[in-house]
Amino acid sequence: MRALLTSFRNFAFSGSLVDLAVGLAIGAAFATVVESLVGDVILPLVAAVFGQPDFDALVLTVNGSQIRYGSFLTAFVSFLLLAVTIMFLVQAVRRATGRETAGAQGSRECDHCKSFIPVDASVCMFCTRDVEPVVP
């Protein structure tokens, strides 16, 4: 029983699990901020341009059934604005931190030992032979 508790403690307080918990908490807070930016700032600007804050009133009636395409349209526009806002925020953070100049991502097979190495590697980390970098 003691070994089980020790194993669990080591697992629960390992660096990767704590990093994951911190990342989830920061991600949730970031999502709240971005949703507020889109819902409280950007969508009202869209409403000022189009004259309507949402399209929920748009309904198509077919055979007595209501198809509320306005709700879908509102959710779709909100999603697009949220995605564009996140894209701009991520690009700004990358520029500010210098992450946009990072090396190419992905892997390829070494011509000599057939191990997978990064695409921008000039030396295989397994067989230590020189390889030609493949940068897309």
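Q: How do I read burial at a single residue, for instance at cysteine 110: does cysteine 110 count as buried or exposed?
A: Cysteine 110 counts as buried because its relative accessibility is 0%, where buried means under 20% relative accessible area, exposed means over 50%, and partly exposed lies in between (1.4 Å probe, protein chains only). Residues are numbered from 1 along each chain as its sequence is written, and side-chain values use heavy atoms, with hydrogens and water left out. This is a predicted model, in which local features need pLDDT of at least 70 and side-chain atom pairs count only at pLDDT 80 or more, while totals for chains, interfaces and linings use all residues.

Q: How many disulfides does the count come to?
A: A disulfide is a covalent bond between the sulfur atoms of two cysteines. The rule applied here asks for a pair of cysteine sulfur atoms within 2.5 Å, and by this rule the count comes to zero. Cysteine 110 is in no disulfide, and its nearest cysteine sulfur, that of cysteine 124, is 3.7 Å away. Cysteine 124 is likewise in no disulfide; for cysteine 124 the nearest cysteine sulfur belongs to cysteine 113, at 3.6 Å. Cysteine 124 is also buried, since its relative accessible area is 1%.

Q: How should I read the overall fold, and in what order do the elements of the chain run?
A: Helices (H or I, at least four residues) and strands (E, at least two) are taken as DSSP runs and numbered from the N terminus. In this chain they come to three helices and four strands, and from the N terminus on the order is α-α-β-β-α-β-β. Of the 136 residues in the chain, 14% are buried. Contact means heavy atoms within 4.5 Å, and among contacts between residues at least 6 apart in sequence, 20% join residues at least 24 apart.

Q: What does the surface of the chain consist of, and which residues form the nonpolar patch?
A: Accessible areas come from the Shrake-Rupley method with a 1.4 Å probe, and for residues only the protein chains shown count as cover. The chain exposes about 10,500 Å², of which carbon and sulfur atoms supply 64%. A patch is built from residues with over 30% relative accessible area and no salt bridge, joining like charges within 9 Å and nonpolar side chains (Val, Leu, Ile, Met, Phe, Trp, Tyr) within 5 Å; a salt bridge is a side-chain nitrogen of Lys or Arg within 4 Å of a carboxyl oxygen of Asp or Glu. Here Phe30, Leu37, Val41, Leu45, Ile86, Leu89 and Val90 form a nonpolar patch on the surface, with about 510 Å² of accessible area together. The elements that give two or more residues to this patch are α2 (15-50) and α3 (69-97), and α2 gives the most, with four residues. Phenylalanine 30, found in helix α2, is partly exposed because its relative accessible area is 37%.

Q: Which residues does threonine 85 contact, and where does threonine 85 lie?
A: Threonine 85 lies in helix α3 and counts as buried because its relative accessibility is 9%. Leaving aside neighbours within four places in sequence, threonine 85 is in contact with Val34, Leu37, Val38 and Ile42.

Q: Where does UniProt place the feature "transmembrane region"?
A: UniProt positions are given in the numbering used here, feature names are shortened, and annotations may be inferred rather than shown by experiment. The unreviewed UniProt entry places this feature at residues 12-34 and 69-90. In the model, the span 69-90 is 100% helix and 0% strand, and its end C-alpha atoms lie 31 Å apart.

Q: What is the phi of lysine 114, and what is that of threonine 128?
A: Most residues other than glycine have a negative phi. Lysine 114, in the loop between β3 (107-109) and β4, nevertheless has a positive phi of about 65°, and lysine 114 is partly exposed because its relative accessibility is 49%. Threonine 128, in the segment after β4, has a positive phi of about 60° and counts as exposed because its relative accessibility is 58%.

Q: Which residues do valine 131 and valine 134 touch?
A: Valine 131 is in the segment after β4 and is buried because its relative accessibility is 8%. Apart from neighbours within four places in sequence, its contacts include Arg108, Cys110, His112 and Cys124. Valine 134, in the segment after β4 (116-118), is partly exposed because its relative accessible area is 44%. Not counting residues up to four places away in sequence, valine 134 touches Arg108, Val119 and Asp120; valine 134 and valine 119 are 15 residues apart in sequence and 5.3 Å apart in space, C-alpha to C-alpha.
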